Amino acid sequence: MTPQEYSTSEIMTIAASRLLKNGAVCFVGIGVPSTAANLARLTHAPDIVLIYESGPIGAKPAVLPLSIGDGNLAETADTVVSTPEIFRYWLQGGRVDVGFLGAAQIDRFANINTTVIGDYRKPSTRLPGAGGAPEIASCAGEVVLVLKQSARAFVKKLDFVTSVGHLDGGDARKRLRLPGKGPVAVVTDLCLMEPDPASKELTVTQLHPGITREEVVRATGWEIRFAAELRETATPTRVEIETLRDLERRTNLAHGTVTEAGTGST
Amino acid sequence: MATITTLREAMASLLHDGDLVAMEGFTHLIPFAAGHEVIRQGRKNLTLVRMTPDVIYDQLIGAGCAKKLIFSWGGNPGVGSLHRLRDAVEHDWPTALEIQEHGHGDLSNAYVAGASKLPFAVLRAYAGSDLPKFNDKIKFIECPFTGETLAAVPSIQPDLTVIHAQKADRKGNVLLWGILGVQKEAVLAAKRAIVTVEEIVDDLKAWPNACILPSWTVSAVCCVPGGAAPSYAHGYYERDNRFYQAWDTIARKRDSFQNWIKSHILDTENFDEFCRVLKASTAQGVR
């Protein structure tokens with residue numbers, strides 16, 4: 001496929017879905033993480049276990065949930081437990097391989113902000129807040145972050161550290177005795193970044209097809225580093241793009257966000 | 001033993017100005033009808049606690065019922081911001097709102113501690129996060145056995161918890177299923193509890209291990225069919241996603257919000273009449 005045949009949002013979702021291994025236990029946030037996790041389940045990872053913080057374990061929704069507690073998550077799950085149990089036994093209990101999250105702001109060490117833009121007490125924008133992210137960022141075996149890239153979102157200094165990535169880099173997580181490895185990848189609509197093995201600073205390791213280094217530099221609020229050997233993201237396969245579009249079309253119909261005649265967001 | 005009564009009577013006798021109130025339901029079984037009744041009765045200075053203060057608390061905050069909000073995620077699920085919450089936090093409208101912010105794991109643990117009548121909950125979280133800098137209720141303690149640093153948060157023990165459930169029997173035993181959130185913990189943590197239900201039946205026909213709140217853990221049971229709408233009640237009705245989208249427009253401006261609250265809640269006698277007004281306004285496309 002050529003870059004004209006798919007959107008930058010689509011390649012972001014597809015690139016994120018590829019990072020999820022079959023059989024992995026994945027704690028899923030709502031929005032793009034949930035789309036990507038379900039795309040993985042419908043393509044290369046049929047045995048992936050999706051956990052949502054509302055309580056479903058092993059959810060297999062036919063359409064994407066609009067909220068984190070939609071009924072189809074409960075109906076298709078292997079079991080549904082209470083919210084305290086999800087956080088106590090399953091996440092803190094070390095049974096989650098991958099935490100899959102979005103964010104409003106991110107810094108060079110993949111710490112994230114979902115709380116406020118501006119001053120906490122007099123914010124210019126009040127965001128929804130932490131949700132389950134601080135605990136997921138601490139306790140999941142590893143974390144994958146997915147968000148659109150812009151200089152407003154990829155900032156030198158976060159207005160608020162809601163959930164930790166690699167703090168100030170190096171072995172900071174180890175020093176704080178955080179159980180999980182923290183972020184292992186950040187997927188955007190332009191590229192894929194991975195923390196440098198030693199410094200933990202985010203480094204672009206993969207550009208999506210047709211995207212230039214300059215575009216990534218412009219969309220990052222700090223001096224972004226590039227790996228010596230920069231790879232190109234594999235172009236979406238027909239199966240990936242058709243499965244994603246089909247999923248979104250079904251979702252839009254089910255949630256009434258388009259009429260029968262509509263084609264959805266694709 | 002729970003009294004089976006009307007929502008109006010239950011709220012009038014069990015909720016007082018200044019109370020700490022939890023209305024729980026994790027996107028499922030949200031007690032909307034009960035929230036409306038709080039607005040209708042003009043309760044003030046409430047401290048509202050809820051993991052996910054979505055549209056129900058946007059309505060209560062915009063209507064001026066709250067002085068403080070304890071929460072862990074405040075948004076309109078699948079849609080975006082809560083405009084009334086934001087207006088209160090950003091511009092003190094209609095009144096200043098103190099906020100106390102947590103994470104979900106923390107707040108759900110705080111309810112468990114409340115139900116256990118323990119003073120605090122303990123969890124492994126917040127190392128490196130800014131949340132403890134702005135919430136002095138999040139503290140760090142040393143484990144007396146391993147020396148590990150852990151986070152501690154005070155338990156939540158509401159004066160009143162309000163939930164919605166599918167069924168009660170005639171004695172007031174309550175049955176709920178599907179996504180359970182923290183409802184059971186929130187009821188057991190509270191001094192008083194109101195449960196609105198879809199129906200009251202002779203026999204719950206519940207299976208062993210079902211989520212049951214025995215009648216003697218609940219103060220009042222009120223039969224309010226549809227009382228969780230626009231959220232959903234598993235086995236009864238689906239989520240009204242269009243309402244959540246429409247709410248974004250209604251709540252964006254102060255005057256359109258106030259008009260909606262007046263015509264739909266303040267000028268209606270009860271939830272049945274609210275449903276009639278909502279149906280009529282929806283048919284006209286104005287909501």
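Okay, let's start with two helices: helix H3 (residues 55-62) and H4 of chain B pack at an angle of about 45°, with their axes 7 Å apart. Axes here are lines fitted to C-alpha atoms, for helices over the stretch in contact, and angles run from 0 to 180 degrees between N-to-C directions. That angle makes H3(B) oblique to H4(B); under 35 degrees would be roughly parallel, over 145 roughly antiparallel, 65 to 115 roughly perpendicular, and the rest is oblique. H3(B) passes H4(B) in a left-handed crossing, where left-handed has the near helix turned anticlockwise from the far one by less than a right angle, and right-handed has it clockwise.

Quick housekeeping. This is a predicted model, where local features need pLDDT of at least 70, side-chain atom pairs count only at pLDDT 80 or more, and totals for chains, interfaces and linings use all residues. Residues are numbered from 1 along each chain as its sequence is written, while chains are lettered from A and ligands numbered from 1 in the order in which they are written.

So who touches whom between those helices? On the H3(B) side you've got Tyr57(B), Asp58(B), Ile61(B) and Gly62(B), and they meet Arg84(B), Leu85(B) and Ala88(B) in H4(B). Contact means C-beta atoms, placed from the backbone, within 7 Å. By class, that's four nonpolar, one polar and two charged residues. For the classes, Ala, Val, Leu, Ile, Met, Phe, Trp, Tyr, Cys and Pro are nonpolar, Asp, Glu, Lys and Arg are charged, and the others, Gly among them, are polar.

Let's stay with H4(B). How many of its residues are buried? Seven of its nine, so it's mostly covered. Buried means 20 or more other C-beta atoms within 10 Å of a residue's own, exposed means 12 or fewer, and partly exposed is in between, again with C-beta atoms placed from the backbone. The buried ones include Arg86(B) and Val89(B). What covers them includes H3, strand E5 (98-101), H8 and helix H9 (254-266) of chain B, together with strand E9 (123-126) of chain A. Right after H4(B) comes Asp92(B), with a positive phi near 55°.

Since chain A just turned up, here's the contact between the chains: 45 residues from chain B and 43 residues from chain A. On the chain B side, the elements that give two or more residues are helix H4 (83-91), helix H5 (104-115), helix H6 (131-134), helix H7 (183-189) and H8. The largest share, six residues, comes from H5(B). That side divides into 17 nonpolar, 17 polar and eleven charged residues.

One residue to click on is His234(B), in the loop between strand E13 (220-223) and helix H8 (241-252) of chain B. Is His234(B) buried or partly exposed? It has 18 C-beta neighbours inside 10 Å, so it counts as partly exposed. Beyond its neighbours within four places in sequence, His234(B) is in contact with Gly71(A) and Ala74(A), plus His28(B), Trp177(B) and Gly178(B).

Zooming out, chain B has ten helices and 13 strands, counted as DSSP runs numbered from the N terminus, with helices (H or I) of at least four residues and strands (E) of at least two. Of its 287 residues, 54% count as buried. The C-alpha trace spans about 60 × 50 × 30 Å along its principal axes. And that's my tour!

Conventions. Contact = placed C-beta atoms within 7 Å.
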